[in-house]
Amino acid sequence: MDNTAVADTLDRIAAYLDLKGENTFRVRAWRNAARTVEGFTVPLATAIADGSLEQAKGIGPAILQVIVELVETGRSEMFETLREEVPSGLVEMMAISGLGVAKIRQLHTALGIETLPELEEAARDGRLAALPRFGARTAEAILKGIAFLRQSSQLHLAHHARDELNEIAAALAAHPHISAVYPAGEVRRRTEVVRDLTLVAVADIPPAELFRMLGDLPSVNEVTGTDERRATLRFGSRPPVQLIVTPPQNLGAVLVQATGSAEHLERLTSHATERGFNLAGAALWQGSRFVPTPDEATLYQALGLPWVPPELRETGEEIGRPVPPLLERSHLRGFLHCHTSYSDGTNTVAQLALACRDAGYEWIGITDHSRAAAYAGGMQPDDLRRQWDEIDEFNAANHGILVLKGIESDILADGALDYPDDILAQFDFLIASVHSRFNLGEAEMTARFLRAIESPYLTIIGHPTGRLLLSREGYAVDLDAIFEAAGKAGVAIEINADPYRLDLDWRVLGRAREAGVMISIGADAHSVAGLANVDFGVAIARKGGLGPDDILNCRSAGDFLAFARARRE
DNA sequence: GCCGTTTTCGGCCCGACTGTTTTCAGTCG
């Protein structure tokens with residue numbers, strides 16, 4: 001079992017214990033252990049062997065034993081027992097906003113509710129609202145929550161979808177008749193959520209024959225919906241994957257069509273038709289002449305068009321336009337937005353800094369939570385002084401990366417930042433984010449941001465809408481008003497690269513740029529493993545058409561500091 | 001369940017809002 005699966009299982013154990021009414025600190029211990037496991041950048045088997053797992057904070061004998069069992073055998077006695085004791089529907093209900101374990105337990109005991117459909121029925125027929133401390137509004141909120149959950153369950157977060165596809169692609173690539181496998185669809189276009197998992201395989205035998213052979217593999221549960229070149233495969237309990245098979249001479253045409261979007265393809269097809277081509281099937285034809293397209297560039301070229309990077313294939317308007325210079329990971333010189341063990345991260349300043357150095361960054365901005373974020377171990381003034389001393393000491397030792405002193409300050413309800421100015425003045429830069437009071441009206445929320453922007457110490461606005469993909473809508477806020485104010489004030493706005501956020505949305509990046517806003521890529525890393533988030537931030541910037549000149553992290557440390565200081569003078 | 005020590009138990013993450021009550025339990029970040 002890999003690290004992610006182990007972390008998921010630990011979280012699930014925590015949920016079961018919680019639902020059983022266990023001590024909350026015991027529950028929290030399992031949740032914390034899941035976060036610790038996520039923070040490991042080496043496979044857990046390695047961490048078990050070299051003793052580093054045992055040494056890790058939050059991993060005691062009981063949890064260690066379960067992790068070892070999971071890694072070695074893929075299952076856990078404790079987990080299996082819990083799974084039999086607690087109905088799985090109750091765990092699903094924990095994802096409904098407004099429903100916590102206490103209420104779920106009450107529903108279970110009082111009404112015998114064990115599944116989402118049963119919950120929905122009780123919310124509709126009035127039984128739920130009649131319970132003590134429930135009511136009509138709660139029933140309403142739960143129905144909305146169920147609807148949201150249903151919708152979300154059809155979708156995958158980008159990083160989950162990518163991991164699924166990569167694993168299956170690797171397995172398929174080992175097949176003797178498959179020479180290459182490419183992720184396609186939304187995963188390749190780097191959308192923030194993904195509906196369909198699509199792979200393109202290049203094979204040297206007819207698709208039907210290949211599908212038959214794949215169907216005989218023990219890891220493949222099901223091959224369905226077969227037409228002449230596509231089938232839906234199910235590997236074990238994983239979500240279904242659409243596999244499209246092509247000979248090498250049509251790879252370009254097939255990959256373009258498998259990648260989409262529908263709007264891009266529609267425009268591309270009509271462009272082809274106007275020029276006497278036909279792109280409807282699995283290949284490109286010019287009249288009755290077959291046009292080989294061994295890669296995508298050949299296809300676009302045949303149609304007299306520049307190749308379009310997959311991230312930009314959305315509205316169709318990108319066709320025929322020159323491709324703008326797009327951001328690449330290698331352009332980034334600075335790493336921004338990370339949490340250390342001073343607040344809710346799992347690694348030290350030095351561990352994060354050295355990992356960033358090894359990943360090729362020149363500088364890193366440390367941004368732990370400010371004091372109002374008590375739930376996340378927000379920093380008291382004493383903590384700040386200790387961290388600043390630690391950073392000074394680290395920088396004095398010349399480790400080959402510069403550490404900057406930052407903070408992720410809460411934006412309080414009235415728009416004030418979370419420390420007095422004399423403390424704010426001592427940071428090299430500031431990220432400021434909203435972490436509470438989400439349900440102000442749009443006008444009040446917007447005013448809150450505008451007031452924060454007035455502070456000369458603010459450098460970057462963090463995760464501007466507060467959305468959590470597939471679990472929480474962003475709060476109501478006038479983004480364009482914020483763009484305008486930030487652009488004028490010289491305040492940057494973050495693309496939060498946490499794959500659960502990806503906030504700003506790529507669809508609004510063009511408007512931010514037009515308003516003169518600098519964009520920063522904020523990893524929101526809570527461990528060394530979180531450094532990998534940056535890849536998602538880069539993808540979102542590219543989808544929004546942004547290049548290195550638009551991105552604050554592409555500056556040298558000196559230029560970044562000058563950007564922050566310019567506001568204070 | 002884990003941690004840390006003035007070690008083998010006591011403390012661990014807390015403050016504010018929401019919908020329900022009519023004083024507060026439950027949820028959230």
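A cavity, in the sense used on this tour, is a set of grid points where a 1.4 Å probe fits but cannot get out. Keep that idea for a later stop, and remember throughout that the structure in your viewer is a predicted model.

**First stop: the surface near DNA strand B**

Begin by selecting DNA strand B together with the 33 residues around it, and then highlight Gly-58, Gly-98, Gly-100, Asn-439 and Arg-472, which come nearest to the strand. If you colour the residues of this surface by type, you will find 16 that are nonpolar, nine that are polar and eight that are charged. Looking from the side of the strand instead, 70% of its atoms within 4 Å of the protein belong to sugar or phosphate, while the rest belong to bases.

Which helix supplies the largest share of the surface near DNA strand B? Select helix H2, which contributes five residues and runs over 24-38. Helix H5 (61-73), helix H8 (101-111) and helix H10 (136-153) can be added to the selection, since each of these helices, like H2, supplies at least two residues of this surface.

Now show the side chains of three arginines and draw a distance from each to the strand. For Arg-472, a polar side-chain atom lies 2.5 Å from a phosphate oxygen of DNA strand B, and for Arg-437 an N or O atom of the side chain is 2.8 Å from a phosphate oxygen of that strand. Arg-133 is the one to inspect for a contact with a base, as a polar atom of its side chain lies 3.0 Å from a base nitrogen of DNA strand B.

**Second stop: salt bridges**

Side chains of opposite charge can pair when their charged atoms come close. A search of the whole structure finds 35 salt bridges, and the next selections pick out some of them.

Select Lys-20 and Glu-85, whose closest N and O atoms are 2.8 Å apart in a salt bridge. Because Lys-20 lies in the loop between helix H1 (3-19) and H2, whereas Glu-85 lies in helix H6 (residues 77-85), this pair ties together parts that are 65 residues apart in sequence. Lys-20 is partly exposed, with a relative accessible area of 41%, and Glu-85 also counts as partly exposed, at 45%.

Move on to Asp-392 and Lys-405, whose side chains meet in a salt bridge with an N to O distance of 2.8 Å. This pair links distant parts of the chain, with Asp-392 in helix H18 (residues 381-396) and Lys-405, 13 residues apart from it, in strand E13 (residues 402-410). Is Lys-405 buried or exposed? With a relative accessible area of 15%, Lys-405 is buried, while Asp-392, at 38%, counts as partly exposed.

For a bridge inside one helix, select Glu-484 and Lys-488, where the closest N and O atoms are 3.0 Å apart. Both residues lie in helix H21 (residues 479-489), four residues apart, which is about one turn of the helix. Glu-484 counts as partly exposed at 46% relative accessibility, and Lys-488 counts as exposed at 69%.

To finish this stop, select Arg-162, Asp-163, Arg-190 and Asp-535 together, for these residues are linked in a network of salt bridges.

**Third stop: the cavity**

How many cavities of 30 Å³ or more are there? The count comes to one, and about 80 Å³ of space lies in the largest cavity. To outline it, select the lining residues Ala-158, Arg-162, Val-187, Arg-190, Thr-191, Val-194, Leu-502, Phe-536, Ala-539 and Ile-540. Helix H11 (158-173) and helix H23 (534-543) are the elements that give two or more residues to this lining, and the largest share, three residues, comes from H23. The lining divides into seven nonpolar residues, one polar residue and two charged ones.

Within helix H23, centre the view on Ala-539, which counts as buried at 3% relative accessibility. Then add Trp-506: the two C-alpha atoms are separated by 9.1 Å, although Ala-539 and Trp-506 are 33 residues apart along the chain.

**Last stop: a loop residue**

Finally, select Leu-217, which lies in the loop between helix H13 (207-215) and strand E5 (220-224) and counts as partly exposed at 34% relative accessibility. Add Phe-235 to the selection and draw the distance from C-alpha to C-alpha, which is 9.7 Å for these two residues, 18 residues apart in sequence.

Note on methods
Residues are numbered from 1 along each chain as its sequence is written. Chains are lettered from A and ligands numbered from 1 in the order in which they are written. Side-chain values use heavy atoms; hydrogens and water are left out. A residue is near a molecule or strand if one of its heavy atoms lies within 4 Å of it. A polar contact is a pair of N or O atoms within 3.5 Å; within protein, one must be able to donate a hydrogen and the other to accept it, and residues adjacent in sequence count only if both atoms are side-chain atoms. Ala, Val, Leu, Ile, Met, Phe, Trp, Tyr, Cys and Pro count as nonpolar, Asp, Glu, Lys and Arg as charged, and the others, Gly among them, as polar. A salt bridge is a side-chain nitrogen of Lys or Arg within 4 Å of a carboxyl oxygen of Asp or Glu. Buried means under 20% relative accessible area, exposed over 50%, partly exposed in between (1.4 Å probe, protein chains only). On a 1 Å grid over the protein atoms alone, a cavity is a set of points where a 1.4 Å probe fits but cannot get out, and a pocket is an open set with protein on both sides within 12 Å along at least five of seven lines; lining residues have an atom within 4 Å of a point. Grid points are joined across faces, edges and corners, and a volume is the space filled by probe spheres set on the points.
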